[in-house]
Amino acid sequence: MPLDIVPSVCPHDCPSACALEVELIDGWRIGRVRGASAQSYTRGVVCAKVARYAERQHHPARLSRPMRRVGEKGVGAAAFVPISWENALDAVAEGLTRAAERHGPEAVWPHYYGGTMGRVQRDGINRLRHAMRYSRQHSTICSALTDAGWLAGVGPKRGIDGREIAKSDLIVSWGGNPVSTQVNVMAHVAHARKERGAQLVVVDPYRTATAEVADKHLAPLPGTDAALACAVMHVLFKEGFADRDYLARFTDDPAGLEAHLKTRDPGWAAAITGLCVDEIVDFARLYGRTKRSFIRLGYGFSRQRNGAVQLFAVTCLPSVTGAWRYEGGGALISNHDLVPLDLTLIEGLDLLDSTTRTLDQSRIGPILTGDRRDLGDGPLVAALFIQNTNPLVASPESGLVRQGFGRDDLFVCVHEQFLTETAAMADIVLPATTFLEHDDFYTAGGHTYLQIGSAVVQPYAECRSNHDVICALARRLGARHPGFEMTAFEIVKHTLRVSGLPARKRSSRAYGSIVGPASRPVISSTGLVIAMGNFISAPIGRRSDQSMDGCPLSPTMSRSSTSVIPIGRSG
Ligand code: SF4
């Protein structure tokens with residue numbers, strides 16, 4: 001039986017974006033999936049879930065044909081009958097058109113999230129949205145708060161290269177549980193512990209699996225991380241651990257910060273966090289005397305209403321000690337903004353009408369049930385087109401979500417790999433490809449590679465990719481944009497080219513579809529610069545008169561377009 005090994009990239013919403021080596025049996029069947037050893041972040045390690053991806057790829061319950069619902073909503077497969085792609089696409093186009101004609105285009109809501117992190121197959125839905133003036137989406141369900149906190153403290157989503165953990169003497173996992181959610185982080189931590197005796201500290205209210213294996217576990221009360229961070233900085237300033245030269249050169253208001261922290265001593269923080277004074281002081285001293293200290297921030301911050309300010313406070317720590325100067329030192333929440341990408345073609349940004357209504361993804365329940373606080377002056381949502389998400393089980397206020405999907409006057413199309421809870425409520429269900437069956441490219445949260453994943457097998461049965469379905473609907477709806485006339489890989493190539501990145505040929509065979517690893521951030525006279533393998537990216541940091549996704553910027557942020565690591569609010 002011929003066995004081939006083909007390269008790919010994990011598409012899941014996980015910071016590791018692992019480079020994969022996939023066993024291909026007889027040219028169509030997937031065998032074992034392993035981490036690519038040649039990619040220096042993945043280094044041969046993947047999680048158990050994706051190692052057994054063949055079970056998903058070849059699962060008998062995978063959707064194979066388009067279906068129309070003829071029975072009750074939510075019943076399952078018995079309520080659907082198969083139909084042709086032509087009839088299915090016609091029905092979807094008719095459902096969206098009817099809603100737009102009756103109530104206006106904002107009555108249609110293309111709804112999506114991170115079912116794949118491939119930029120073409122995930123974000124192409126926005127091209128259709130902008131071309132048709134459908135309601136926009138504010139993607140708030142996961143990282144909105146951490147994004148805001150990092151933006152306030154540091155700038156765009158870029159931190160140090162995750163591979164630098166190997167050079168760290170102290171790794172602080174703050175608000176995350178990498179044993180369960182980032183297997184690669186733990187692989188690099190294990191290496192640093194073995195090779196250089198690095199210590200692992202976990203800050204988490206829960207006794208997680210990562211806390212179980214840590215050298216030290218601090219368990220502040222939920223939502224009190226900022227108090228701990230302030231007390232740590234209080235000790236750093238008081239006991240001479242602050243790098244005043246770094247603060248003077250690269251931060252806005254170190255004197256203001258120090259004055260602000262005067263009263264935020266460990267006793268003050270102990271009363272808020274529930275930690276002992278000694279625990280706080282010991283951690284502060286360990287952090288202060290360890291210059292190669294790396295804070296791996298997690299998405300636990302996003303699970304608190306005050307998560308943005310909590311994370312903002314923690315991002316100030318490496319600025320106070322100047323840890324950013326040292327290889328293995330600094331912090332990371334995500335590197336998704338590391339490579340400046342021109343997404344105009346993918347998302348149809350040249351068609352975006354900024355007056356179009358934006359709906360909050362996390363409020364889908366109230367939105368579908370007609371809450372005016374969410375709908376504003378716009379119409380009730382009358383049609384949903386859904387890719388890459390399963391809101392019936394993933395969205396808050398699930399009772400309202402189910403009630404909303406139960407409306408008789410709501411048209412729903414779901415494009416999915418399986419008959420999910422949401423798909424079971426749809427009028428039309430379309431079968432979707434997996435990442436092994438379509439082309440795309442991937443940025444990463446946890447490392448610095450930009451990777452191309454080409455299709456390695458033919459689509460299962462009648463499955464079609466997100467991109468193909470978007471283009472087919474665009475033709476029926478009369479939407480015009482060059483992106484609707486191109487293949488997914490033509491869009492990949494164009495996006496790399498206009499973003500100033502090296503060209504790559506489409507190949508399902510060449511492991512080498514990695515565009516460029518970065519080396520560590522370099523502090524230059526103009527700020528923190530990420531030196532890339534193939535090019536030098538724009539300086540990290542951003543103008544204080546710009547905002548991202550409407551997030552207000554800290555008044556303490558630098559007035560320079562290039563200076564970095566602005567720190568804490570004074571007063
Ligand atoms: S660790 Fe994350 S990126 Fe790697 S294979 Fe598993 S889900 Fe995918």
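Here are five short exercises, with worked solutions, on the predicted model shown above.

**Exercise 1. Getting an overview**

Find how many helices and strands the chain has, and what share of its residues count as buried.

*Solution.* Start with the secondary structure: there are 23 helices and 20 strands in the chain. Next comes burial: 55% of the 571 residues count as buried. Finish with the contacts between residues at least 6 apart in sequence: 71% of these join residues at least 24 apart.

**Exercise 2. Around the ligand**

List the residues that surround the ligand, then sort them into nonpolar, polar and charged.

*Solution.* Walk along the chain. You meet Cys-10, His-12, Cys-14, Ser-16, Ala-17 and Cys-18, then Val-46, Cys-47, Lys-49 and Val-50, and finally Val-183. Now sort this shell: eight of its residues are nonpolar, two are polar and one is charged. Since Lys counts as charged, the charged member of the shell is Lys-49.

**Exercise 3. A residue in a short strand**

Work out where Gln-137 sits, and why it counts as partly exposed.

*Solution.* First, place the residue: Gln-137 belongs to strand β7, which covers residues 136-138. Second, count its surroundings: 19 other C-beta atoms lie within 10 Å of Gln-137, and a buried residue needs 20 or more, so Gln-137 is partly exposed. Third, look for its partners: leaving out residues up to four places away in sequence, Gln-137 touches His-111, Thr-358, Leu-359 and Gln-361. One of these, Thr-358, is 221 residues away along the chain, yet the two C-alpha atoms are 5.1 Å apart.

**Exercise 4. Following a helix**

Trace helix α22 from end to end and say which of its residues are buried.

*Solution.* Begin with the length: α22 runs over residues 466-477, and its 12 residues reach 16 Å from first C-alpha to last, close to the expected 16 Å. Then pick out the buried positions: Asn-466, His-467, Val-469, Ile-470, Cys-471, Leu-473, Ala-474 and Leu-477. It helps to remember that an α-helix has 3.6 residues a turn, so residues three or four places apart point the same way. Last, step just past the helix, where Gly-478 has a positive phi of about 80°.

**Exercise 5. Two nonpolar cores**

Identify the residues with the most contacts inside the largest nonpolar core, and the helix that gives the most to this core.

*Solution.* The largest core holds 66 residues, and Ala-229 and Val-232 have the most contacts inside it. Helix α10 (residues 225-238) gives the most, with 10 residues. A second, separate core has 56 residues, among them Ala-107, Val-381, Cys-463 and Ala-474. Ala-474 also appears among the buried residues of α22.

Note on methods: Residues numbered from 1 in each chain as written. Predicted model: local features only at pLDDT ≥ 70, side-chain atom pairs only at ≥ 80, totals over all residues. Helix = DSSP H or I, 4+ residues; strand = E, 2+ residues; numbered from the N terminus. Buried ≥ 20, exposed ≤ 12 C-beta atoms within 10 Å, placed from the backbone. Contact = placed C-beta atoms within 7 Å. Near = placed C-beta within 6 Å. Expected span 1.5 Å × (residues − 1). Core = buried A, V, L, I, M, F, W, Y, C linked by C-beta atoms within 7 Å.
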